[in-house]
Amino acid sequence: MKLLANLGGEEPDAPRTLPEKAIAAAMLWTRLFPGGATLLDHKQTPWPDELGPVPEDSAFAFLEDADGWAWFNDEASLQRLRAAGAENPGGANPAAVRTTHDKAFALQIAREEALDAADFLDAAFALDDENLAEPTAAAETIANRVRGWPGGLARGVLLKPRFGTTGRGQRRLPLDLPEALPEVLSELSGRGGIVVEPVLDRLADYSVQLLIEDSGNLRLLGCLAQCVSERGTFLGHEGEIDSRGRVRSGSRWEETLRERASAVALRAAAAGYRGPCGVDALSYRDAQGAEQL
């Protein structure tokens, strides 16, 4: 089984290799994978056969269904897996990856599925590359929308590339937007657009891990608390194992997280996505001081 740990692979100019800092973590992950897993881009070294296959009841047992997997399953990843000898690569169709990885896709689902956090969902919006092609006009649009945000909600303005992970490429600006905003938007153009969000009084981060099976059915693997830096860079996960063996976040939002993540994953499945699926969430303090998800 070939494992392509192309972390950051969604970045247009990113090297399609495993960052050195992530090697240790990725090698630990491969201990959970079937015997003989090969970590591409790291000396092509397989794990010893004595590690054995994944137990049938393991959350990672689905990896036995294919001989190649990529973290970010785009067309280039599939070509590299096939070149490395994977005749039956697993994972989602690249077109479905492109659709569901778009932050505007997530924002649309959040608006349609969420029952609260209306202040945040009303404030956030997406712009595409066509909008950013006219940076002065785009800057004026952003400034007008930001002026309409409710008082007390935002600590600043966050510009996120629509295709990106772990905080890469984000720009955090003051509510009093700088005159150089058009230049900032020019630098962010050519990456599929941006999502504009209020910087929130963030309380906690979460991640629900699911598997979308070939049939389109969901399997919930676990719900975790995420450890992230101040700028949103992923650092790790924390979780609890209950008396039934379920992986839980330990948050009071546990059941809501599971329900909403399942709703998001079903929408991803309807868009053609298959394979492992992570749905992230955060809780924050709103303008009235109440905690929202």
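Start by colouring the model by pLDDT, since this is a predicted structure. The protein averages a pLDDT of 81, and 79% of the residues score at least 70. Now pick out the two extremes: among the elements, helix α1 (residues 20-30) has the lowest mean pLDDT, 42, while strand β4 has the highest, 97. Select residues 15-48 as well; pLDDT stays under 50 there, and the model has 70 contacts beyond four places in sequence for this stretch. Where pLDDT is low, the predicted coordinates should not be read in detail. With that in mind, let's move on.

**The whole protein**

Switch to a cartoon view. You have 9 helices and 14 strands to explore. Of the 293 residues, 45% count as buried. Turn on the surface and you are looking at about 15100 Å² of accessible area, of which 50% belongs to carbon and sulfur atoms. Among contacts with a separation of 6 or more, 61% are between residues 24 or more positions apart.

**Stop one: the four-stranded sheet**

Select β4, β7, β5 and β6. They form an open sheet in just that order, with antiparallel pairing. Which strands stand at the edges? They are β4 and β6 (171-173); each has a single partner strand, so one side of each is left without a neighbour in the sheet. Ignoring direction, neighbouring strands here are turned by 25° against each other on average.

Next, bring in helix α7 (residues 135-147). This helix packs on the sheet and touches β4, β5 and β7, and its direction makes about 175° with that of β4. Then add helix α8 (residues 181-188), which lies across β5, β6 and β7 and runs at about 20° to β5.

**Stop two: a close look at β7**

Zoom in on β7 (residues 194-198) and show its side chains. How many of its residues are buried? The count is 5 of 5. Ile 194, Val 196 and Pro 198 point one way from the strand, whereas Val 195 and Glu 197 point the other way.

Now check the partners of β7. With β4 (residues 125-127), β7 pairs in the antiparallel sense over 3 bridges; click Leu 127 and you'll find it opposite Ile 194. With β5 (residues 157-161), β7 also pairs in the antiparallel sense, over 5 bridges. Here, the bridge partner of Leu 159 is Val 196.

Follow β5 across to β6, where the antiparallel pairing runs over 3 bridges. Val 157 stands opposite Leu 173 of β6.

**Stop three: the five-stranded sheet**

Select β10, β9, β8, β13 and β14. In that order they make an open sheet of 5 strands, paired antiparallel. The edges belong to β10 (234-238) and β14 (291-292): each has a single partner strand, so one side of each has no neighbour in the sheet. Add helix α9 (residues 254-270), which packs on this sheet, touching β8 (201-212), β9 and β13 (275-285). The direction of α9 makes about 55° with that of β8.

Now look at β9 (residues 218-228), which pairs with β10 in the antiparallel sense over 4 bridges. Click Val 228 to find its bridge partner in β10, Phe 234.

**Last stop: two cysteines**

Finally, select Cys 223 and Cys 227. Buried or exposed: what is Cys 223? Its relative accessibility is 0%, so Cys 223 counts as buried. Cys 227 is partly exposed, with a relative accessible area of 24%. If you're hunting for disulfides, a search of the whole structure finds 0.

Conventions: Residues are numbered from 1 along each chain as its sequence is written. This is a predicted model: local features need pLDDT of at least 70, side-chain atom pairs count only at pLDDT 80 or more; totals for chains, interfaces and linings use all residues. Side-chain values use heavy atoms; hydrogens and water are left out. Buried means under 20% relative accessible area, exposed over 50%, partly exposed in between (1.4 Å probe, protein chains only). Contact means heavy atoms within 4.5 Å. Accessible areas come from the Shrake-Rupley method with a 1.4 Å probe; for residues, only the protein chains shown count as cover. A disulfide is a pair of cysteine sulfur atoms within 2.5 Å. Two strands pair if DSSP finds at least two bridges between them. Axes are lines fitted to C-alpha atoms, for helices over the stretch in contact, and angles run from 0 to 180 degrees between N-to-C directions. pLDDT is the predictor's confidence in each residue, from 0 to 100.
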